[in-house]
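Here is a short briefing to read alongside the model. Take a moment to turn the structure around before you start.

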Amino acid sequence: MKTQIEYAREHIITPAMQDVAGQEGCRPEAVRDKVLAGRLVIPIGSRRRQRLVGIGQGLRTKVNASIGTSSDIADVDLEIAKAKMAESEGADTLMELSTGGDLDLVRRSVIEVTRLPVGTVPLYQAFAEAARRYRNPNKLDSEYLFEVIERQLQDGVSFMAIHCGINRFSIERLRKQGFRYGGLVSKGGTFMVSWMEYTNRENPLYEQFDRVCALLKRYDAVLSLGNGIRAGAIHDSHDRAQVAEMVINCELAELGREMGCQTMVEGPGHVPLDEIAGNIMLEKAMSGGSPYYVLGPLPADSGAGYDHLTAAIGAANSARYGADLICYITPAEHLALPGIDDVREGVRATRLAARIGDIAKYPQRRDAEKRVAMARRDGAWDEHLKSLLFPDAAAAIRASRMPGDEKTCTMCGDFCAMKRGMTLFAGDLSSAKQRHPDEAAQRAADDRLPER
Ligand code: SF4
């Protein structure tokens, strides 16, 4: 089986590229050329029922929902319900990150019920099972890492976060800088760092990176270079340890691409708002434009309980500056394993953040907002509600407090500014008249640009 990159090298436009171009309203040639350049990835994997999703430059910013059991709560049915909730709420990808219970069973059950591309962190399973078997995850036989990667790929996983970028060099940077306000916050990262310290060996996923790529290539799965030393506090943002791992991940993204493996880079954790643009710029510049899969970022440490909102603010900014896939954060972040309602709220907040980011990232693609605004202005409530990102939530609020005049709402009632304004100016404000009459022509011109 060839990968999308290998097909692109032969100038072939694959059905997956066609599909992505159709979804995004851009040219298949542009999708192919960006796959070739490593600026766009399409998780493929071995499943037939999987939806195709493009992640990368010029495309809509995508939203990932992460689910999975823990050692405290391991309920397969709950994870199935969470997977269904994430899909019905409009997540683009799903990560199954279980560490408790029968890990093969949970993963296979989740894959069975969703058409979303499913991603995993294979280190979780390898180390969690080593912990059970030997009562010490550090006793993991490194060969087992590769076995788990292959088993998960065979099950249909189409993208994997693998912590290849943690190595002796990046750990040394952490030691030498002598501080870390938020400590280490990546489960996969701490598993690997701990194993390296215990065995006094180099990270096998770094040492044998070509083997990792060969495995993922076999299934045309996307290698997402995991962010094991990410900042878990805004005061750690862009410390030398985090940046060292980022440099290595960007280097590996390029190496993987050269081997024909689709790659993206993960980052950055907790980052203050004023550093987000710089973080995205660094990733894009150092990786040659690899898709950037961001966790939030969280621009404050103090929002627990509402961290889906904290992260949405970071996510809107990261999408604006070029992040391509955003991992949701739920209200349970930092507090507990997410439940079903947390999944819904997390996906909704992140979809809204991605939309806000895209409005800034692609000024020529703001028509959906214009439709909402005009329906609102005209008191066309059915059209207004239908055009929203979350019509059910909006309709429920309106229905709970209906106005006397159905053109208005109970906020201003008789003094509805929209109604009054349109009574005054209805004859002057024509939907046919556009602020920028050449918008359509401009959009068509943009479509022809290779950057689109
Ligand atoms: S009543 Fe007030 S809030 Fe409601 S639609 Fe009219 S102007 Fe808007």
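Gly189 is buried in this predicted model, because 21 other C-beta atoms lie within 10 Å and 20 or more is enough for a residue to count as buried. Let's see what is around Gly189, and then look at the domains and the ligand.

**Around Gly189**
- You can find Gly189 in helix H9, which covers residues 187-199.
- Setting aside residues up to four places away in sequence, Gly189 touches His163, Ile166, Leu184, Gly228 and Ile229.
- Take Ile166 as an example: Ile166 and Gly189 are 23 residues apart in sequence, yet their C-alpha atoms are 7.3 Å apart in space.

**The two domains**
- The domain assignment splits the chain into domain 1, residues 4-361, and domain 2, residues 367-447.
- Between the C-alpha centres of domain 1 and domain 2 there is a distance of 38 Å.
- Where the domains meet, domain 1 supplies seven residues to the contact and domain 2 supplies four residues.
- On the side of domain 1 that touches domain 2, four residues are charged, three are nonpolar and no residue is polar.

**Around the ligand**
- Which residues surround the ligand? They are Thr408, Cys409, Met411, Cys412, Cys416, Ala417 and Met418.
- Sorted by type, the shell around the ligand has six nonpolar residues, one polar residue and no charged ones.

Key
Residues numbered from 1 in each chain as written. Predicted model: local features only at pLDDT ≥ 70, side-chain atom pairs only at ≥ 80, totals over all residues. Near = placed C-beta within 6 Å. Nonpolar A, V, L, I, M, F, W, Y, C, P; charged D, E, K, R; others polar. Helix = DSSP H or I, 4+ residues; strand = E, 2+ residues; numbered from the N terminus. Buried ≥ 20, exposed ≤ 12 C-beta atoms within 10 Å, placed from the backbone. Contact = placed C-beta atoms within 7 Å. Domains from an automatic or database assignment.
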